[in-house]
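Thanks for sharing this one with me. Below are a few notes to read alongside the model, set out as numbered points.

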Amino acid sequence: MTGALPLSEPHHDTLARAEIEALPGSLIRAVAQEGLGRADVIPLWFGEPDGVTPDFIREAAKRSLDAGQTFYTSNHGIPALRNAIATYQAGLGRKSGAGRVCVTPSGVNAILLACQALLSPGDRVVLPTPHWPNLAGIAAVAGATVATVRLRLLDGRWRIGLDELLAALTPDTRMVMLNAPANPTGWMLTAPEQAVLLAHCRRHGIWILADDVYERIVFTGRVAPGFLEITEPEDRVLSVNSFSKGWAMTGWRLGWITAPEALMPALGKMMEFNTSCAPEFVQRAGIAALEQGEAVVAATVARYRACRDLAAQLLGALPGVRVPYPEGAMYAFLSVEGCTDSLALARALLREAGVGLAPGRAFGPAGEGCLRLCFAVEEATLREACGRIARFLAGWREP
Ligand SMILES: Cc1ncc(COP(=O)(O)O)c(C=O)c1O
């Protein structure tokens, strides 16, 4: 018999691959969806600075457009940007070289391409948690199995149990994803911890995917300790970076990968079959950000440090609320005593107090009982949001 399938009955054959159908939707977006467009809501749910991209970066893009740079570029990015990235990284003590850099349209795209290039179905990936959900999601898209290792709270700070992490990095592990400074916890790896991890991963041939997108948003020093400081060019280490956070360029979608040279042809192919290249005028803006952006990065970090301190002070003073001190990134990840359903709490906060936060459960079961607040906003906005949270929690009891 021939004929179309009845549209009213979803048919097996019309579903996506099982791995994709099984992916959970974003719980951050589940909350945001209910509040987007509401003028009375203070939105602190996404990881996004509230200010627009600095002028000199926007001007560089405009100049590029006016010069007619509207064509495809090479898969790995324009040589000028690859060189600028290598020079910028060298200035931070990171070893790379333009030949090891691949420009990508965003950090999240860089992670997807890297995982698709390196992971086969059934591969084991290890990930500290609470974690940015996209890391686990992308590994799952590639068909990998994700094992998590819980961060622990020690003296008011998140820490990895190094022995526990090393024990999880079994010889059959293909990759460890290390996002530090971390979203959502602000956790950082120390340089000695990185050295131990690198030695272990070398021994077992495990890939380290270092998600370094918050490496400049640190509250002591100029940059977080980085694997690229200690790796040899042929090490199985891949660093993912982005223009989104340090230069307020979330909407531009520009990032990069630093990888062993031997992986570059594969990454070029991945780029070809994905977006082929990042837009040239966006890449030109990236050069301006790297070459003229140090003052912007420094001012941004100073502002976030003040925001972090204010959020920790105002929220940490609330009964039953604990705010582990974030050492980097742009989030307060607060735990609320008595909360066993962070999604319901985030929804109630939105509905009744007009504050948009991300539910801790969005970052894995280890985040349950917590809420994530992005503090990359003006001081007055942050004060108002904390005031609303305080008034709401004063009368809150979980049903
Ligand atoms: C930990 C982490 N990695 C990577 C990214 C990706 O950033 P983008 O895709 O904007 O470059 C984000 C964005 O929120 C993030 O939090």
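How many salt bridges are there between domain 1 and domain 2?

1. The count is 2 salt bridges between domain 1 and domain 2. Please keep in mind that this is a predicted model. One pairing to look at is E327 with R159, a salt bridge whose closest N and O atoms are 3.2 Å apart.

2. For orientation, domain 1 takes in 15–53 + 295–393, while domain 2 covers 55–292. Their centres, taken over C-alpha atoms, are separated by 24 Å.

3. Now the interface itself. Contact involves 36 residues of domain 1 and 39 residues of domain 2. Together the two domains bury about 3200 Å², with 62% of that on carbon and sulfur atoms. On the domain 1 side, the most area is lost by T53, V297 and E327, which together make up 24% of what that side buries. E327 is thus worth a second look, given its salt bridge with R159.

4. Polar contacts add to this picture: 17 residue pairs are found across the interface of domain 1 and domain 2, both residues at pLDDT 80 or more. On the domain 1 side that touches domain 2, helix 1 (18–21), helix 11 (294–316) and strand 12 (331–336) each supply at least two residues. Helix 11 gives the most, with 7 residues.

5. Finally, a local motif. Strand 3 (residues 124–129) pairs with strand 4 (residues 145–150) in the parallel sense, over 6 bridges. Within this pairing, L127 has T148 of strand 4 as its bridge partner. With helix 6 (residues 133–141), strands 3 and 4 make a right-handed β-α-β unit.

Key:
Residues are numbered from 1 along each chain as its sequence is written. This is a predicted model: local features need pLDDT of at least 70, side-chain atom pairs count only at pLDDT 80 or more; totals for chains, interfaces and linings use all residues. Side-chain values use heavy atoms; hydrogens and water are left out. Two strands pair if DSSP finds at least two bridges between them. Helices (H or I, at least four residues) and strands (E, at least two) are DSSP runs, numbered from the N terminus. A crossover is right-handed if, with the strands pointing away from the viewer, the path from the first strand over the helix to the second runs clockwise. Domain bounds come from an automatic or database domain assignment. Contact means heavy atoms within 4.5 Å. Buried area is the accessible area (1.4 Å probe) that two parts lose on being put together, summed over both. A salt bridge is a side-chain nitrogen of Lys or Arg within 4 Å of a carboxyl oxygen of Asp or Glu. A polar contact is a pair of N or O atoms within 3.5 Å; within protein, one must be able to donate a hydrogen and the other to accept it, and residues adjacent in sequence count only if both atoms are side-chain atoms.
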